[in-house]
Amino acid sequence: MRLLSQLKLIWLLPAFFTLVLACNKQKFLEKKPSSTLLVPTTLSDFQALLDNLKVFGLVPTLGEASADNYYVSYGSWQGMTKREMNAYVWAKDIYGGEGAQQDWNTPYQQIFYANVVLDGLKGVKSITDSAAEWNALEGSALFCRAFAFYNLAQLFAPVYDSGTAKTDPGIPLRTSSSIDTLSARSTLQATYDQILSDLNQAEAFLPGGSAGRTLNRPVKACAQALLARVYLSMRNYSMAQASADKALVTYPQLMDYNDLSLTPVPISTFNPETLYQASFLGAPSLFTYFTALSALYSTTWIDTGLLRSYDTSDLRLAIFFRTRNHDTTLYLRGGYSGSLYPFGGLATDELLLISAEGAARAGDAAAAMAKVNILLGKRWKKGTFSGYPVTTAPAALDTVLLERRKELAFRGLRWTDLRRLNKEGANITLQRILVDTSNGQVNSLKFTLAPNSLNYTLPIPPDVISLNAAIQQNSRN
C-alpha cells in the first residue's frame with residue numbers, strides 16, 4: 001500500500017503542486033482530500049488549464065545539451081550543474097543520483113493536465129452553442145499530450161526502427177488522469193502509435209486557419225506540423241513530406257531576414273513563421289543569457305564547423321549568433337521564442353525542410369531544391385542568392401540536411417536528427433575535448449559518442465526507477 005502511494009506521488013505531485021501554486025485563484029483548484037483532487041467542470045476551466053504557460057510551451061533540454069552544435073571550455077564545464085556536465089560528455093550516469101529531473105517530470109505534468117481535460121470533457125455535453133469550443137479543447141489536449149509523449153520518446157526511448165519497434169522499450173503512456181494505476185513502459189511501437197493517434201484525432205478536432213496571436217492554442221496546421229516532425233523521426237519520409245505539405249497549404253508564411261534589425265533578440269514571439277510557441281524548459285545554464293548593463297554573455301561556444309557552413313551573405317549568421325563585448329567569438333543569440341531562451345516550438349521553416357527532405361529521398365531533386373531555394377531566398381542578403389544548382393537526388397539530400405542543421409540550430413531538433421541519421425548509415429561520431437590547465441600542466445580529456453551508441457537513449461531518472469520497479473532502466477555504455 002505504501003508503494004502504491006509513492007507511485008501515485010511520482011505522477012501527481014509535479015502536476016498538482018504547480019497547478020495549485022499557479023492557479024489557486026480558480027475555484028476548481030481548491031484542495032480536496034481525495035484522489036479526485038482536480039475536478040474542473042466547465043469549458044472555461046479546461047481552457048484555463050491548457051493556457052497555463054508555466055506548464056505548457058516548454059520542451060526538454062538534455063537532447064540539445066548532448067548534441068554537437070556547441071562546445072565549452074574546461075572551466076565552463078566545471079561550472080555546470082551535475083546533469084549538464086554529465087550530459088555534455090555522455091556519461092553513463094547523467095544525474096549523479098539526483099531525482100526530480102524536469103526533462104522527465106514536466107512532460108508528464110503536461111500529460112497529466114491534458115488527461116484532466118480529456119477526462120473532464122467526457123462529462124461535459126457538447127451542445128450546438130459550445131461545439132466549436134468543445135472540439136478545440138479536445139483537439140488542444142490531444143495535441144499537447146502527443147507533443148509531450150514525443151519529446152519524452154526522443155530522450156528516454158531508442159530511435160524508432162520499424163523492424164524492432166514492437167519489442168524495443170518505449171515510454172510509460174499515461175492516457176488517464178487517474179493516479180490509481182501503476183505505470184509501465186510500453187513498447188516503442190505502442191508509443192508512436194499513441195502519438196500518431198492523438199495527433200490524427202487532434203487534427204480532426206482543431207479549428208482551421210492560422211495560429212493568430214495566441215500561439216499556445218494550437219490549430220489544425222499545428223497537428224499537421226507535429227505529425228511531420230514525428231514521421232521524420234520515424235524515418236517515414238513520404239508521410240513526413242505529406243504532413244508538412246498539408247500544413248504549408250494553410251500556413252506558408254516566411255520572414256524575410258532582410259527586414260530584421262540586429263537587436264539582442266531580433267525575432268518577435270509573434271513572428272509570422274511560428275505555428276506553436278514553445279521554449280526550452282528552464283533553459284540550462286549553458287544556453288541561458290543574462291542581461292547586465294545591456295551586456296549579454298554566455299559560456300557556450302558555437303561549433304566551428306557549423307559556423308563555417310554559413311556563407312558570408314547568409315543573414316542567419318548575424319541573426320542567430322552574436323559577439324559579446326570586444327570578443328570576436330560568436331555566441332548564441334535568442335531565437336523564435338522572442339526571448340533569450342531557445343525556441344522549441346513549430347514553425348514553417350522546419351516544414352519546408354521536412355518537405356524538401358522527403359522529396360530528395362523520393363528522388364525528386366527539383367522539388368527538394370525548390371523548397372530550399374524558397375527558404376534561402378528569405379535568408380540571404382537581397383540580390384545575393386540565385387539558387388543552388390543541384391540536379392541529382394543525392395546532392396539535393398546532402399544540401400537539405402546541411403541547410404536543416406544551419407536553419408534549425410539550437411531548436412531542440414539536432415539530437416533526434418543525429419539518432420535517425422545514424423540509423424540511416426550517416427556514421428556521425430561526436431567528440432568532446434576538454435583541456436585542463438589548472439595545475440600548470442596540459443591535460444586533455446577526450447570523450448566520444450559512437451554512431452548508434454546506447455548512450456543516444458538517456459537514462460530514466462533514478463527516483464522514477466526506485467519508486468516503480470515495473471519501469472525498466474535504459475542500458476548505457
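The chat below goes through the pockets, the burial and some backbone angles of a predicted model.

Q: What does the chain have in the way of helices and strands?
A: In this predicted model, the chain has 17 helices and 14 strands.

Q: And how much of the chain is buried?
A: Of the 477 residues in the chain, 55% are buried, while the area that the chain exposes comes to about 19600 Å², with 54% of it supplied by carbon and sulfur atoms.

Q: What share of the contacts is between residues 24 or more positions apart?
A: Counting the contacts in the chain with a separation of 6 or more, 70% are between residues that lie 24 or more positions apart.

Q: Switching to pockets, what volume does the largest pocket have?
A: The largest pocket holds about 360 Å³ of space, and among the 19 residues that line it, Pro-158, Val-159, Ser-453, Leu-454 and Thr-457 are the closest to its centre.

Q: What's the split of that lining into nonpolar, polar and charged?
A: The lining of the largest pocket consists of 5 nonpolar, 9 polar and 5 charged residues.

Q: Which helix gives the most to it?
A: That is α16, spanning residues 414-423, which contributes 3 residues to the lining of the largest pocket.

Q: Is α16 itself mostly covered or mostly open?
A: Helix α16 is mostly covered, with 9 of its 10 residues buried; the buried ones include Arg-414, Trp-415, Asp-417, Arg-419 and Arg-420. Just after α16, Gly-425 takes a positive phi of about 95°.

Q: What about the second largest pocket, how many residues line it?
A: The second largest pocket, with a volume of about 270 Å³, is lined by 16 residues, and Leu-53, Asn-216, Thr-269, Gln-277 and Ala-278 lie nearest its centre. By class, its lining has 7 nonpolar, 8 polar and 1 charged residues.

Q: Back to the backbone, what phi does Arg-235 have?
A: Arg-235 has a positive phi of about 65° although it is not a glycine, whereas most residues other than glycine have a negative phi. Arg-235 sits in the loop between α9 (220-233) and α10 (237-250).

Q: Why does Arg-235 count as partly exposed?
A: Its relative accessible area is 22%, and partly exposed covers values between the 20% and 50% cut-offs, so Arg-235 falls in that class.

Q: Where does Asn-452 lie?
A: Asn-452 lies in the loop between β14 (443-449) and α17 (462-467). Asn-452 is not a glycine, yet its phi is positive, at about 60°, and with 46% relative accessibility Asn-452 counts as partly exposed.

Notes: Residues numbered from 1 in each chain as written. Predicted model: local features only at pLDDT ≥ 70, side-chain atom pairs only at ≥ 80, totals over all residues. Heavy atoms only, no water. 1 Å grid on protein atoms, 1.4 Å probe; cavity = no way out; pocket = protein on both sides within 12 Å on 5 of 7 lines; lining within 4 Å. Points joined across faces, edges and corners; volume = space filled by probe spheres on them. Helix = DSSP H or I, 4+ residues; strand = E, 2+ residues; numbered from the N terminus. Nonpolar A, V, L, I, M, F, W, Y, C, P; charged D, E, K, R; others polar. Buried < 20%, exposed > 50% of the residue type's maximum accessible area, 1.4 Å probe, protein only. Contact = heavy atoms within 4.5 Å. Areas by Shrake-Rupley, 256 points an atom, 1.4 Å probe, with all protein chains shown as cover.
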